[in-house]
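Student: I've got a chain loaded and I'd like to talk through its burial, backbone and packing. Can we go one question at a time?

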Amino acid sequence: MVAASSPPLLPPWEADLRPEQLARIEEATEQIGRELFARFRADRARIWQRRWWDDRIMAWAMRDERLKVELFRFVDVLPMLRSNEEVAGHLLEYLDRVPDALPWWLRGLLRASRNTRVTRALLARAARLASSDFARRFIAGSTTEQVLRSARRARRQKQAFTLDILGEAVISEAEAEAYFRAYVDLIENVAPTVNQWPTVEQLDQDVLGALPRFNLSIKLSALDCHFDAIDPEGVMQRAGERFRQLLRIAKEHQAFINVDMESFDKKDLTLHIFKTILMEDEFRETADVGIVIQCYLKSALHDLHELALWARERGTPVWVRIVKGAYWDYETVHARAEHWPIPVFQQKWQSDATFERATRYVMQHIEYLRPALASHNIRSIAHGLATAQVLDLPASGFEIQMLYGMADVEKRALAERGYRVRVYMPYGELIPGMAYLVRRLLENTSNDSFLRAGLYEQTPVELLLRDPLQVGKQDGNRSRSRRASPAPRG
Ligand SMILES: Cc1cc2nc3c(=O)[nH]c(=O)nc-3n(C[C@H](O)[C@H](O)[C@H](O)COP(=O)(O)OP(=O)(O)OC[C@H]3O[C@@H](n4cnc5c(N)ncnc54)[C@H](O)[C@@H]3O)c2cc1C
């Protein structure tokens with residue numbers, strides 16, 4: 001209950017830190033960012049390492065936007081293709097659209113392979129193998145044993161984990177039940193093993209005490225085949241009941257449950273179920289639970305403020321994973337096609353600045369919201385570390401989360417500096433995992449991606465570390481001066 005004398009909890013757009021604190025944060029961000037960058041760029045992959053080859057393939061695919069689009073189309077459609085003929089046919093059709101983007105030897109290879117059934121089968125096999133092999137970089141394993149091995153390897157490097165079960169959209173009750181069972185099996189079978197592992201102080205303790213070692217990320221839409229805002233009561237009954245059961249089983253096995261955030265149409269419903277159930281007497285004191293705020297959404301800071309007010313009333317804090325959001329292309333294209341207002345920012349600096357504002361807000365209110373910063377962007381992470389420094393928040397009071405297979409050098413550098421780094425580990429069959437893979441590829445190779453600019457394009461550090469608000473101001477000035485200059489003639 002909120003005491004009548006509690007100070008008002010102002011929204012993030014009304015109150016920020018003091019100007020001198022913001023100046024100190026900016027200074028420290030610059031310094032921490034430069035240190036991380038030095039490490040990032042010194043630890044370049046060598047030719048004999050797998051990473052070197054992956055980086056070359058990504059750089060090659062990004063050289064030509066048309067080639068990139070055709071390759072992504074192929075990876076996207078691959079799970080649906082049954083025969084070798086279909087696989088080879090699609091690959092040739094897509095690559096035929098961009099012959100000038102291919103090197104001469106690949107053009108020759110494709111020409112030779114289209115002639116006979118046998119060579120087409122070989123091409124299909126090579127394409128399947130290459131795609132699965134690439135997917136393995138981002139997917140921690142297909143079986144529980146494999147994912148446990150990945151988790152153990154991470155812990156040896158002082159990195160914690162959260163597991164995610166990959167799968168396709170749930171469209172029947174049987175699939176929702178199967179998903180639920182898979183979550184239950186994972187908690188019941190894996191958590192006891194993980195709980196026996198030796199303690200790693202940096203990962204298993206925070207300012208309030210012991211942290212669960214077993215951490216599971218779930219999608220509420222996987223628990224119901226009709227997860228639709230049109231029927232909140234029905235969803236609450238079906239997905240809500242399964243969520244309650246998961247919370248009970250998690251408590252029994254000292255496991256942590258994080259609710260992932262999906263596309264915008266599911267956002268309000270996800271927050272509603274999360275808040276309603278965790279406010280119930282049975283779950284009101286559950287602390288090992290978290291939710292996600294996507295900072296590319298124009299509503300992000302409003303949702304964050306509502307979440308803080310709710311957590312204050314509940315009396316037990318929850319973890320908040322702050323992300324930018326994984327569905328930017330989908331949200332933009334979908335809203336445009338339907339003539340709806342676009343729910344996501346259209347300029348990258350706006351998502352970056354909102355991420356930073358959300359970070360400061362959560363770090364200012366750790367008694368209600370516990371910060372988990374999920375980003376591979378060194379500026380975003382450095383700003384978080386700098387804010388913690390200025391607010392005197394110890395390293396164990398927050399965590400940094402990164403995806404499996406991405407930014408491994410950053411993960412190592414942060415873990416070695418004593419921060420709690422948690423790796424998001426998707427696991428499951430590679431073929432259903434392709435949708436996940438395409439999202440990761442889009443993210444890594446989009447023109448606005450930090451990893452693209454920092455890793456593949458060698459953009460100068462000072463540009464990558466710029467305050468997003470300054471980037472916005474400069475962009476604004478540039479477009480104003482463009483508007484002010486006379487229109488070119490002819
Ligand atoms: C551990 C972990 C868990 C995650 N869980 C979730 C989750 O539950 N739900 C979810 O949606 N995402 C999730 N993500 C993905 C995350 O949202 C980002 O897509 C990803 O981390 C890339 O952001 P970045 O800060 O690392 O990189 P950056 O390169 O700095 O940012 C890229 C992001 O900026 C945004 N962006 C790109 N172009 C524009 C533009 N023109 N205008 C405005 N914004 C733009 C997009 O969100 C894009 O993904 C998770 C990420 C991590 C690391």
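Student: Is Q254 buried, exposed or partly exposed?
Tutor: This is a predicted model, so the count comes from computed coordinates. Buried takes 20 or more other C-beta atoms within 10 Å, and exposed takes 12 or fewer. Q254 has 17 C-beta neighbours inside 10 Å, so Q254 is partly exposed.

Student: What's the phi of Q254, and where does the residue sit?
Tutor: Most residues other than glycine have a negative phi. Q254 sits in the loop between α10 (232-252) and β5 (255-259). Its phi is positive although the residue isn't glycine, at near 50 degrees.

Student: Which loop holds A407, and what is the phi of A407?
Tutor: Look in the loop between β9 (399-403) and α16 (408-416) for A407. A407 is a residue other than glycine with a positive phi, and the value is near 50 degrees.

Student: And is A407 buried or exposed?
Tutor: The cut-off for buried is 20 or more other C-beta atoms within 10 Å. A407 has 22 of them within 10 Å, so A407 is buried.

Student: Over to helix α1: is G33 buried or exposed?
Tutor: G33 is found in helix α1. Its count is 25 C-beta neighbours inside 10 Å, so G33 comes out as buried.

Student: Which residues does G33 touch, skipping those up to four places away in sequence?
Tutor: For a sense of scale, the C-alpha atoms of G33 and R336 are separated by 36 Å, with their positions 303 residues apart along the chain. R336 isn't among the contacts listed for G33. Those contacts are I378, R379, A382 and L465.

Student: A42 is in helix α1 too. Is A42 buried or exposed?
Tutor: Helix α1 covers residues 19-42, and A42 is in it. The exposed class needs 12 or fewer C-beta atoms within 10 Å. A42 has 9 others in that range, so A42 is exposed.

Student: How far is A42 from V461?
Tutor: The two are 419 residues apart along the chain. Going by C-alpha atoms, the separation of A42 and V461 is 13 Å.

Student: Now helix packing. How are α3 and α17 oriented?
Tutor: Two packed helices are described by the angle between their axes and the distance between the axes. For helix α3 (residues 65-77) and helix α17 (residues 434-445), the axes come within 9 Å and cross at roughly 165 degrees. An angle over 145 counts as antiparallel, so α3 and α17 are roughly antiparallel.

Student: What classes of residue make up that α3 and α17 contact?
Tutor: α3 brings K68, F72, V75 and D76, while α17 brings M434, L437, V438, L441 and T445. Sorted by class, the contact of α3 with α17 has six nonpolar, one polar and two charged residues.

Student: How about α3 with α4: which handedness does the crossing have?
Tutor: α3 packs against helix α4 (residues 84-96) at about 160 degrees, with the axes 9 Å apart. That angle makes the pair roughly antiparallel. The crossing of α3 and α4 is right-handed.

Student: Which residues of α4 meet α3?
Tutor: The α3 side consists of E70, R73, F74 and V77. On the α4 side are H90, L91, Y94 and L95.

Student: And how is α4 oriented to α6?
Tutor: The axes of α4 and helix α6 (residues 117-138) come within 8 Å, crossing at roughly 80 degrees. The range 65 to 115 counts as perpendicular, so α4 is roughly perpendicular to α6.

Student: How many residues are in the largest nonpolar core, and which helix gives the most to it?
Tutor: In soluble globular proteins, nonpolar side chains tend to be buried together. The largest nonpolar core here has 109 residues, with L216, I257, V320, I322, A358 and M425 having the most contacts inside it. The helix giving the most, nine residues, is α8 (residues 173-196).

Student: Which residues does L216 contact, leaving aside neighbours within four places in sequence?
Tutor: L216 is one of the residues with the most contacts inside that core. Its contacts are T162, L163, Y183, L186, I187, A255, F256 and I257.

How values were computed
Residues are numbered from 1 along each chain as its sequence is written. This is a predicted model: local features need pLDDT of at least 70, side-chain atom pairs count only at pLDDT 80 or more; totals for chains, interfaces and linings use all residues. A nonpolar core is a set of buried Ala, Val, Leu, Ile, Met, Phe, Trp, Tyr and Cys residues joined through C-beta atoms within 7 Å. Helices (H or I, at least four residues) and strands (E, at least two) are DSSP runs, numbered from the N terminus. Two residues are in contact if their C-beta atoms, placed from the backbone, lie within 7 Å. Axes are lines fitted to C-alpha atoms, for helices over the stretch in contact, and angles run from 0 to 180 degrees between N-to-C directions. Angles under 35 degrees count as roughly parallel, over 145 as roughly antiparallel, 65 to 115 as roughly perpendicular and the rest as oblique. Ala, Val, Leu, Ile, Met, Phe, Trp, Tyr, Cys and Pro count as nonpolar, Asp, Glu, Lys and Arg as charged, and the others, Gly among them, as polar. A crossing is left-handed if the near helix is turned anticlockwise from the far one by less than a right angle, and right-handed if clockwise.
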